[in-house]
Each structure stands twice: as structure tokens, then as C-alpha cells.
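Work through the following exercises with the sequence and the structure side by side. Try each task before you read its solution.

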Amino acid sequence: MITDETRDKLIASAREARKWAYAPYSNYPVGAAVLTASGRIYDGVNIENAAYPDTICAERVAIFKAVSEGEREFEAIAVVTTNAGSPCGSCRQVLAEFGLDTLVIIASTDSQVTRQMRLGELLPEAFGRRDLHGK
Ligand SMILES: [Zn+2]
């Protein structure tokens with residue numbers, strides 16, 4: 001479990017990153033920040049594209065930044081939007097690759113709405129490596 005101080009820091013990182021979101025089509029900027037087991041924080045933003053399917057979410061940008069730096073264990077991820085929107089299915093699946101115990105913290109920009117739960121609650125019956133290998 002993370003401390004309240006760490007949780008607040010993670011939310012603040014996601015909120016701060018949000019200013020770099022590239023969201024000219026949806027006008028729905030998203031900031032995310034992931035806390036690794038090593039104690040580092042990687043942030044991310046949504047990056048849209050005129051070819052809509054090439055858009056990527058803030059959560060996956062944060063996770064991919066961390067993974068590309070050698071991180072594999074995640075304690076928590078914070079996601080900040082104006083209305084405390086929930087992570088999409090693709091981001092849940094990408095997070096699930098690294099464990100279902102990751103704490104997912106969903107917050108609004110004004111911190112009036114904050115929810116948190118384990119990834120396993122957000123993505124029950126997740127598809128994973130055991131499904132590929134039958135164990
Ligand atoms: Zn997503």
C-alpha cells in the first residue's frame with residue numbers, strides 16, 4: 001500500500017503532465033503517472049493523431065516509458081482528467097501484463113472526485129500469459 005503522501009505526489013505528477021497532452025481532436029487532455037517498485041515515477045499524456053486509431057492514451061505512454069527504461073513492477077498509476085474518466089480497456093490490458101495488483105487511482109483535475117481500486121477489480125478475468133500457455 002502506498003502512503004497518502006506518495007498517492008498525492010502521484011496524482012500531482014499526472015495533473016502536471018496533463019498540460020503536455022496532445023488532444024486537438026477530442027479536447028480531452030489526460031495525464032497519467034505510474035509509480036514503479038523502484039520508487040520512480042513516469043508520466044504520460046494522451047497523444048492524438050489525425051488518423052484516429054493511431055492515437056494513444058496517457059496511461060500507455062506512461063507504462064511504455066517505464067518499461068522502455070527497464071521497469072517491470074508497478075505499484076500504482078494515477079490518471080487525471082476533468083471528470084475523473086476511467087482507463088479504457090486497452091490500457092487495462094496493458095497494465096494487466098505487469099500484474100493485477102497495481103493500484104489504479106482515478107482523479108479529477110480539481111481533486112473533487114477520486115476513486116481507487118486494484119487493477120484486478122477494473123479488469124476481472126483478464127487475459128494473460130497463463131491463457132497462452134495453459135497454466
Ligand atoms: Zn486507454
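**Exercise 1.** Decide whether Asn46 is buried or exposed, and describe what surrounds its side chain.

*Solution.* Keep in mind from the start that this is a predicted model. Begin with the accessibility: the relative accessible area of Asn46 is 7%, and because a residue counts as buried when that value is under 20%, Asn46 is buried. Next, place the residue in the chain, where Asn46 belongs to the loop that runs between strand 2 and helix 2 (58-68). Then look at the polar partners of the Asn46 side chain: one is the backbone oxygen of Tyr28, at 2.9 Å, and another is the backbone nitrogen of Val30, at 2.8 Å. Finally, list the contacts, leaving aside residues up to four places away in sequence: Asn46 touches Ala21, Tyr22, Ala23, Tyr28, Pro29, Val30, Ile56, Cys57 and Ala58.

**Exercise 2.** Identify the protein donors of the zinc ion, and classify each donor residue by its accessibility.

*Solution.* The first step is to find the donor atoms, which are the SG atoms of Cys57, Cys88 and Cys91, at 2.2 to 2.3 Å from the zinc ion. The second step is to read their spacing along the sequence, which follows the pattern C-x30-C-x2-C. The third step is to compare each accessibility with the cut-offs, where under 20% is buried, over 50% is exposed, and values in between are partly exposed. Cys57, with a relative accessible area of 21%, is therefore partly exposed, and Cys88, at 30%, is partly exposed as well, whereas Cys91, at 1%, is buried. The fourth step is to check for bonds between cysteines, and here the structure holds 0 disulfides.

Now take Cys88 by itself, which is found in the loop between strand 3 and helix 3 (89-96). Not counting residues up to four places away in sequence, Cys88 touches Cys57, Glu59 and Arg60. Cys88 and Leu122 are 34 residues apart in sequence, and the distance between their C-alpha atoms is 9.8 Å.

**Exercise 3.** Work out on which side of helix 1 its buried residues lie, and what they pack against.

*Solution.* Start with the helix itself: helix 1 covers residues 4-17, has 14 residues, and reaches 20 Å from its first C-alpha to its last, close to the 20 Å expected at 1.5 Å a residue. Its buried residues are Leu10, Ile11, Ala14 and Ala17. These residues lie on the same side of helix 1, because they cover an arc of only 130° around the axis. Their packing partners are strand 1 (31-36), strand 2 (41-45), strand 3 (74-81), strand 4 (103-108) and strand 5 (114-118). To finish, turn to the face of helix 1 that points away from the buried side, which carries the exposed residues Asp4, Glu5 and Lys9.

**Exercise 4.** Describe the setting of Tyr42, from its accessibility to its contacts.

*Solution.* First, locate Tyr42, which lies in strand 2. Second, judge its accessibility: with a relative accessible area of 6%, Tyr42 is buried. Third, look for a polar partner, and note that the side chains of Tyr42 and Arg40 are joined by a polar contact of 3.1 Å. Fourth, gather the contacts beyond four places in sequence, among them Ala32, Ala33, Val34, Thr36, Ala62 and Lys65. Last, compare positions along the chain and in space: Tyr42 and Ile106 are 64 residues apart in sequence, and 16 Å apart from C-alpha to C-alpha.

Key:
Residues are numbered from 1 along each chain as its sequence is written. This is a predicted model: local features need pLDDT of at least 70, side-chain atom pairs count only at pLDDT 80 or more; totals for chains, interfaces and linings use all residues. Side-chain values use heavy atoms; hydrogens and water are left out. Helices (H or I, at least four residues) and strands (E, at least two) are DSSP runs, numbered from the N terminus. The expected span of a helix is 1.5 Å times one less than its number of residues. Buried means under 20% relative accessible area, exposed over 50%, partly exposed in between (1.4 Å probe, protein chains only). The arc is that of the directions from the helix axis to the C-beta atoms. Contact means heavy atoms within 4.5 Å. A polar contact is a pair of N or O atoms within 3.5 Å; within protein, one must be able to donate a hydrogen and the other to accept it, and residues adjacent in sequence count only if both atoms are side-chain atoms. Donors are N, O and S atoms within 2.8 Å of the metal (3.2 Å for Na, K and Ca); water is not among the atoms, so sites may look incomplete. A disulfide is a pair of cysteine sulfur atoms within 2.5 Å.
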